[in-house]
Every structure is written in C-alpha cells, then in structure tokens.
Amino acid sequence: MMEEKNRVCDIMVCAMARLIPDGSKVFHGVSSHMPMIALLLAKALHAPGAVHLNIPGGTDPDPVRLKKYTSAGPELLERSTSYFPLMEVFDLAMRGGLDVAFLSGIQFDSRGNVNASVIGDYKKPKVRMPGGAGSAVLIPTAKRAILWRTKHDKRTFVNQVDFVTTRGNVERIITPLCIFKMEHGEMVLETIHPTSSLEEVQENTGFPIKYSHIAYTPLPTKEELSALKRIDPGDFRNIEF
C-alpha cells in the first residue's frame, strides 16, 4: 500500500506550487482544485507575493473553508484584498501581464496542441465537450501556460488530437505519472514521479517518449505536507482520483 506522504495528488500539487514564482500573477479556473490549492500553498511558503486571480474575481483571497464542488466559489471573493473580475484577467493576459495560467484539456499531443472541444469528427462527434472557453484565449496569451490532467492514458495523450481547440505557449503538462515540458515545439519528459516509472509513462502515452536524461519529481517535503493539511483539511486535492 502506498504511503500517504507519497500520494499522487500531493506530488502533483507540490510540483505545481514550485512552478509559481514570488510576485507572479497567477490564474486558475472553475474546476481546478489542485492548482487552486497549489497557489495557496505557494503563497503560504515560498511565494507570499504571488497574486491569486480567479473566476469570482477575488484578488489574494484568504478563504476560511474551501468548497468541495467548485474552485470558483464565493469564498474566493470574500476576505479578498480587491476585486479583479474575469474580463480584466483576459485583458491582462492579452496585454502580456498574466504570468501563469493553470488550465487543462481532454486531449494533448506531442506538439502541444490541446483539445477541449470534441472526441471524434467535429461534425459528428462521439462526445461534444464544453469547448475552449477561457483556455482558447489564455493558453496562447499567458506568459506561462501550465496544464494539468488527473488522467494519463493513450486516450488523453494522443499522436494527434481530434480537434485543435488551442495551441502554442504550453510550458508544462503535469499528470499523475510525470511532468512533460515543451522544448523546441515538442513535448519531452522532464521528470517521472517516484510513484511511477519510465515504462508506465510510455505504456500510457500515445506517442514515443523523448527525454535527454531520466529525472524524478521531488517528493513533497514535511513542510509542504503540513501546509497542505492546514490549507486543504477536506483533502479536496484528491477528489478526482
């Protein structure tokens, strides 16, 4: 049985948090418990000056209690320092002022294309999904687009996405198995989580894995785990697993 300290949800959240520099302006979406908690973790530890932006519009909220059903609840507006509505986030990104955007998708390919629209043919899809929404604007315009997905299989990481909802500017994709990084227009393996292996990553990815060397994602520290228990006592970072 895997030790609690080595849970994939904790590894992913801590990996996200470490990618947030102090002083950066960071946005997350509506169904984004993991990056929301990662941002709160970063602000609690190494990046107190990071600016927390979100869909309700509360800047740098200090939520008493997070909601299980959404990462865009009123607790992110209450006890915030100011009001910065979503339309201003889009404007900020278009002006080159949004440092980090945590977003997701349904399919990804090795060239950094993201599909959040349909599975199958666009005119007669097997599944029609919500579409690009904010991702179609924010992935190309944020300084750093960091994607995350709680599934890593050959239906998610495909040789070619069924539909290109958005493309370009993807920096990293964080999954339950590893972290991919875009280099010279290609997705390469940056680190493997200690809970996984190169073989497992390759078996669950629909394109050949490229890497320059094998490295492992650092496990959460005692300080990070302690902070996570304070920030997320309901363990909402684990609800998608």
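Two strands count as paired if DSSP finds at least two bridges between them. In this predicted model, strand 1 (residues 25–28) clears that bar, since three bridges join strand 1 to strand 2. The two strands run parallel, and F27 sits opposite L53 in strand 2. Strands in a sheet pair through backbone hydrogen bonds, and the pairing can be parallel or antiparallel.

Zooming out, strands 1 and 2 belong to an open sheet of seven strands, laid out in the order 2-1-5-10-11-12-13. The pairing in this sheet is mixed. Strand 2 (51–53) and strand 13 (186–192) are the edge strands, so each of them pairs on one side only. Going from one strand to the next, the twist averages 20°.

Next comes helix 1 (residues 8–18), which is mostly covered, with 10 of its 11 residues buried. The buried ones are V8, C9, D10, I11, M12, V13, C14, A15, M16 and A17. Part of the cover comes from strands of the sheet, including strand 5, strand 10 (144–148), strand 11 (170–174) and strand 12 (178–183). Helix 2 (33–44) and helix 6 (222–231) also help to cover these buried residues.

Then there is the largest pocket, which holds about 580 Å³ of space. It is lined by 26 residues, and V30, S31, S104, G105 and S135 are the closest to its centre. Helix 3 (86–94), strand 5 (100–103) and helix 4 (135–141) each chip in at least two lining residues. Sorted by class, the lining of this pocket has 14 nonpolar, 10 polar and two charged residues.

Technical notes
Residues are numbered from 1 along each chain as its sequence is written. This is a predicted model: local features need pLDDT of at least 70, side-chain atom pairs count only at pLDDT 80 or more; totals for chains, interfaces and linings use all residues. Side-chain values use heavy atoms; hydrogens and water are left out. On a 1 Å grid over the protein atoms alone, a cavity is a set of points where a 1.4 Å probe fits but cannot get out, and a pocket is an open set with protein on both sides within 12 Å along at least five of seven lines; lining residues have an atom within 4 Å of a point. Grid points are joined across faces, edges and corners, and a volume is the space filled by probe spheres set on the points. Helices (H or I, at least four residues) and strands (E, at least two) are DSSP runs, numbered from the N terminus. Ala, Val, Leu, Ile, Met, Phe, Trp, Tyr, Cys and Pro count as nonpolar, Asp, Glu, Lys and Arg as charged, and the others, Gly among them, as polar. Buried means under 20% relative accessible area, exposed over 50%, partly exposed in between (1.4 Å probe, protein chains only). Contact means heavy atoms within 4.5 Å. Axes are lines fitted to C-alpha atoms, for helices over the stretch in contact, and angles run from 0 to 180 degrees between N-to-C directions.
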